[in-house]
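Biologist: I have a structure open and want to go through its packing with you. Can we start once it is on screen?

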Amino acid sequence: MTSLFICPVCGETLEQKQKSLFCKNSHCFDLAKQGYVNLLQSNQSSKKHHGDDKLMVKARHCFLEKGFYGELKGCLCDDLSDAVNKPAVLFDAGCGEGYYTRAVTAALRNKNPLLKAGGIDISKDAVAVAAKSGGDIQYAVASVYDIPVKSDCADIVLNIFSPGAFSEFYRVLKPGGILAVAYPLENHLLELKQAVYDKAYKNDSIPCVPSCFKLIAEKEIKQVLRLSSNEDIVNLFKMTPYYYKTGAGDQKKLEDLNRIEIKFEVGISYFKK
């Protein structure tokens, strides 16, 4: 079976044989028991641990599975299934535990046969959860700044709350392909930050996308999340980068908080190559 991914060493196509991926130059990459492959090369980073750790992945998985970000997921599914009227290749650049990958894949398949779907994330812990969820989506540990897929291979690239490696996204997309970017607006989760910090800063709201892309649509989702359990509040905090930049004293401010209303404000921009 031909993989969506290419060899990170020589760039040749990878073929799956039993539980490994091989290229014609005999480079071999074993599949983990969950079904993903690690294509992150040691020279790409000196860190021993990359991306989100198990705590962050578990918190996000628990929070998202309760449907709190469901409107964003639904919007992506509706917009992209309406935009693509042929069998497509979907690629999620920064897929995390696969929440949006699975949803958009299912939405596209409800309308047309999907040729292939895949996702990468630099976090092995996140990709393991994504792959364990089953289905025939191909997952790999890799960097969005060095995506191990062929040029001009994808009809859709997702970039949901992930680093914007736009030159790579442009390379990966077919001519006429669509890039979907979701990003926090300036007031997103502001009340959560106000509950933790003495001075809460607003977000920088708009990603800087190169002019080689054509903006075809953009929208904003604004709603209020009403969280009524400490578990949900803490999980939301732990799934954000704020948690790891916050001292123990400020983290404890959430220990007795059992109810809060928080602004969910996200922008979505759609671009065409």
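Biologist: What covers the buried residues of α2?
Modeller: This is a predicted model, to say that early. The cover over the buried residues of α2 includes the helix α3 (99–111) and the strands β9 (154–160), β10 (173–184), β11 (214–227) and β12 (260–272).

Biologist: And which residues in α2 are buried?
Modeller: Leu 72, Cys 75, Leu 76, Cys 77, Asp 79, Leu 80 and Ser 81. As background, residues three or four places apart point the same way, because an α-helix has 3.6 residues a turn.

Biologist: How far apart are the end C-alpha atoms of α2, and what should the helix span?
Modeller: The ends are 20 Å apart. Helix α2 covers residues 70–83, which is 14 residues, and at 1.5 Å a residue it should span 20 Å, so the two values agree.

Biologist: Which strands does α2 lie across?
Modeller: β9, β10, β11 and β12, and α2 runs at about 15° to β12. Helix α3 also packs on the sheet, where it touches β6 (89–93), β7 (116–121), β8 and β9. The direction of α3 makes about 165° with that of β6.

Biologist: At what angle do α2 and α3 pack?
Modeller: About 35°, with the axes 9 Å apart. The crossing of α2 past α3 is right-handed.

Biologist: Which residues meet there?
Modeller: From α2, Gly 70, Leu 72, Lys 73, Leu 76, Cys 77, Leu 80, Ser 81 and Asp 82. They meet Tyr 99, Tyr 100, Ala 103, Val 104, Ala 107, Leu 108 and Lys 111 in α3.

Biologist: Back to the sheet. In what order do its eight strands run?
Modeller: The order is β5-β8-β7-β6-β9-β10-β12-β11, the sheet is open and the pairing is mixed. β5 (37–38) and β11 stand at the edges with a single partner strand each, so each has one side without a neighbour in the sheet.

Biologist: How many bridges join β5 to β8?
Modeller: Two, and these strands run parallel; β8 is residues 138–141. Asn 38 stands opposite Val 141 in β8.

Biologist: Now Ile 268. Buried or exposed?
Modeller: Ile 268 has 0% relative accessibility, so it counts as buried. Ile 268 lies in strand β12.

Biologist: What does Ile 268 touch?
Modeller: Leaving out residues up to four places away in sequence, Ile 268 touches Leu 72, Cys 75, Leu 76, Val 181, Ala 182, Tyr 183, Ala 217, Glu 218, Lys 219 and Ile 221. Among these, Leu 72, Cys 75 and Leu 76 are buried residues of α2. The C-alpha atoms of Ile 268 and Leu 72 are separated by 8.7 Å, although the two are 196 residues apart along the chain.

Biologist: Where is Phe 161?
Modeller: Phe 161 sits in the loop between β9 and α5 (166–172). At 35% relative accessibility Phe 161 counts as partly exposed, because buried means under 20% and exposed over 50%.

Biologist: And what is in contact with Phe 161?
Modeller: Setting aside neighbours within four places in sequence, Phe 161 is in contact with Tyr 69, Leu 72, Tyr 100, Ala 182, Tyr 183, Pro 184 and Val 266. From Phe 161 to Gly 134, 27 residues apart in sequence, the C-alpha to C-alpha separation is 23 Å.

Biologist: New topic, α7. How many of its nine residues are buried?
Modeller: Eight, so to speak of helix α7 (residues 230–238) as mostly covered is fair. The buried residues of α7 pack against α1 (54–64), α6 (190–196), β11, α8 (248–251) and β12.

Biologist: How do the axes of α1 and α7 cross?
Modeller: At roughly 130°, coming within 8 Å. The two helices are therefore oblique to each other. The crossing of α1 past α7 is left-handed. Leu 55, Met 56, Ala 59, Cys 62 and Phe 63 in α1 meet Asp 232, Asn 235, Leu 236 and Lys 238 in α7.

Biologist: Last one. What about the sheet of four strands?
Modeller: That sheet is open and antiparallel, in the order β1-β2-β3-β4. β1 (2–6) and β4 (28–30) are at the edges with a single partner strand each, so one side of each lacks a neighbour in the sheet. On average, neighbouring strands of this sheet are turned by 35° against each other, direction ignored. β1 pairs with β2 (residues 13–17) over two bridges, and Thr 2 stands opposite Glu 15 in β2.

Notes
Residues are numbered from 1 along each chain as its sequence is written. This is a predicted model: local features need pLDDT of at least 70, side-chain atom pairs count only at pLDDT 80 or more; totals for chains, interfaces and linings use all residues. Side-chain values use heavy atoms; hydrogens and water are left out. The expected span of a helix is 1.5 Å times one less than its number of residues. Buried means under 20% relative accessible area, exposed over 50%, partly exposed in between (1.4 Å probe, protein chains only). Contact means heavy atoms within 4.5 Å. Two strands pair if DSSP finds at least two bridges between them. Axes are lines fitted to C-alpha atoms, for helices over the stretch in contact, and angles run from 0 to 180 degrees between N-to-C directions. Angles under 35 degrees count as roughly parallel, over 145 as roughly antiparallel, 65 to 115 as roughly perpendicular and the rest as oblique. A crossing is left-handed if the near helix is turned anticlockwise from the far one by less than a right angle, and right-handed if clockwise.
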